[in-house]
Amino acid sequence: MDDPFADIRPYRNEEVAAVLARLLDDREFLDTVASFRLGRVGTLLPALVRPLVRYALAREVRGVADVGSMQSIIKHYMDRMIEDTTGGFSVSGLEHLDAVSPYLYMSNHRDIAMDPAFINYALHGAGYETVRIAIGDNLLTKPWVSDLMRLNKSFIVKRSVSGPRELLAASKNLANYIQHSLQREHVPVWIAQREGRAKDGIDRTEPVVIKMLSMSRDKKTQEFDSHIAGLGIVPVAISYELDPCDALKANELYQLASEGAYTKGAQEDVASIGRGISGDKGRVHVSFGTPLGAGLTTAEMVAAEIDRQVITEYCLHPTNIYAYEMLNPGAPALPDTLTAEPGDCTREEFERRINTMPEPHRPYALAIYANAVVSKLALRADMSAPC
């Protein structure tokens with residue numbers, strides 16, 4: 001029987017052994033691991049260390065024959081990463097969700113790899129099933145990268161297809177796969193609220209993402225709002241006290257503002273992934289909202305409700321307040337109800353961090369943090385406005 005999702009879906013249990021064997025024979029993958037683990041030694045002497053890296057990896061994955069076992073190994077690395085690069089990890093809102101329901105988790109998007117990783121870590125820790133992760137094919141620049149991601153329950157979003165007809169077909173197949181995962185295989189899914197990260201710190205859902213999801217609807221038998229409700233969309237807000245990529249994002253935003261364009265380096269996304277994983281994140285919080293119900297009859301209405309929940313549930317850190325006050329000296333004091341959880345980064349440390357960046361970049365770096373406060377203030381104003 002043909003598998004219409006074979007080229008985009010995650011690997012199945014019976015495929016894991018063959019994929020691991022392929023990775024262990026991939027020289028570029030082994031050299032990348034050697035460089036990551038051994039630094040300059042791995043980079044300068046790849047032929048010498050490659051057999052040692054292969055042996056170590058083979059021992060680590062010995063006995064791994066399914067996706068669950070692979071994710072157990074990944075959890076070990078997540079435990080160590082959280083210990084080494086965060087000031088603590090916390091979760092809220094899961095108590096309002098059914099542990100066995102296959103939700104479509106839709107979150108704000110700040111970090112390429114860590115957003116879904118932290119959401120999965122939160123779900124796993126509470127005994128919920130981990131999600132299948134949507135990842136753009138623009139990040140899968142090498143076959144081994146694709147193999148590695150699909151071993152970790154990632155599925156591919158085809159962004160590089162050319163031509164409107166091909167894009168339409170790829171979008172519909174993606175929508176069908178997401179619905180198939182949720183309603184046929186009963187496996188939850190994670191997708192970002194927008195294509196690409198919110199590099200300016202403004203978390204907004206792109207209605208085009210909702211329109212893509214609606215492409216799996218049978219228009220003859222199902223209304224738009226009931227279809228959306230049937231997908232079980234749960235908005236999720238993830239917040240980082242510190243953004244390891246803030247300087248990179250500020251540079252890009254400055255170049256866009258001053259030059260009108262920004263040319264991304266060939267391996268820039270890979271570098272961002274590495275910095276996001278290894279960089280200091282301070283405290284990290286994941287907040288789960290409540291499933292969207294019926295009555296949302298347009299993509300714009302769905303996007304607005306996701307935005308409302310994400311902004312409401314977003315956990316402010318002191319760095320958000322520091323940045324807002326630094327950008328708005330002399331502004332009225334923030335409402336007492338708009339408070340931040342205790343953090344690890346003092347104001348003096350935060351100011352030093354910003355001041356290490358080129359001066360023209362600093363307002364953009366501050367906005368990355370401050371815009372979470374701006375969004376909350378704007379939402380409060382909208383809710384208090386007369387109808």
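Leave aside the neighbours within four places in sequence, and leucine 148 touches Leu23 and Phe29. This is a predicted model, by the way. Leucine 148 sits in helix α7, which covers residues 143–151. Is leucine 148 buried or exposed? Neither label fits: its relative accessibility is 33%, so it counts as partly exposed. For another bearing, look at serine 72, which is 76 residues from leucine 148 in sequence and 14 Å from it in space, going C-alpha to C-alpha.

Serine 72 also makes a handy stepping stone, as the next helix to look for is α5, residues 67–85. Helix α5 lies across β1 and β7, and its direction makes an angle of about 120 degrees with β1. Those two strands belong to an open sheet of seven strands. Reading across the sheet, you meet them in the order β1-β7-β6-β2-β5-β3-β4, and the pairing is mixed. At the edges are β1 (86–92) and β4, each of which has a pairing partner on one side only. As you step from one strand to the next, the twist averages 25 degrees.

Let's pick out one pair in that sheet. Strand β6, residues 233–240, and strand β7, residues 282–288, are joined by five bridges and pair in the antiparallel sense. Which residue of β7 is the bridge partner of serine 239? That would be histidine 285.

Now for helix α11, which takes in residues 246–259. This helix has 14 residues and reaches 19 Å from its first C-alpha to its last, close to the 20 Å expected at 1.5 Å a residue. Its buried residues are Asp246, Lys249, Ala250, Glu252 and Leu253. Why do these buried residues line one face of the helix? Look down the axis of α11: they fall within an arc of 160 degrees, so one face is where they end up. Just after α11 comes glycine 260, with a positive phi of about 85 degrees.

Positive phi values turn up at residues other than glycine too, and lysine 153 is one of them, at about 65 degrees. You'll find lysine 153 in the loop between α7 and β4, the latter being residues 154–157. Lysine 153 counts as buried because its relative accessibility is 10%, and the cut-off for that label is under 20%. Histidine 186 is not a glycine either, and its phi is positive as well, near 55 degrees. Its place is in the loop between α8 (164–184) and β5 (189–192). With 48% relative accessibility, histidine 186 counts as partly exposed.

Finally, the cysteines. A disulfide is a covalent bond between the sulfur atoms of two cysteines. How many disulfides does the count give? It comes to zero. Take cysteine 315: the closest cysteine sulfur to its own belongs to cysteine 345, and at 15 Å that is too far for a bond. The cut-off for a disulfide is within 2.5 Å. Start from cysteine 345 instead and the closest cysteine sulfur is that of cysteine 315, again 15 Å away and too far for a bond. Cysteine 315 counts as buried, with a relative accessibility of 13%. Cysteine 345 is buried too, at a relative accessible area of 9%.

Definitions and conventions:
Residues are numbered from 1 along each chain as its sequence is written. This is a predicted model: local features need pLDDT of at least 70, side-chain atom pairs count only at pLDDT 80 or more; totals for chains, interfaces and linings use all residues. Side-chain values use heavy atoms; hydrogens and water are left out. Helices (H or I, at least four residues) and strands (E, at least two) are DSSP runs, numbered from the N terminus. The expected span of a helix is 1.5 Å times one less than its number of residues. Buried means under 20% relative accessible area, exposed over 50%, partly exposed in between (1.4 Å probe, protein chains only). The arc is that of the directions from the helix axis to the C-beta atoms. Contact means heavy atoms within 4.5 Å. Two strands pair if DSSP finds at least two bridges between them. Axes are lines fitted to C-alpha atoms, for helices over the stretch in contact, and angles run from 0 to 180 degrees between N-to-C directions.
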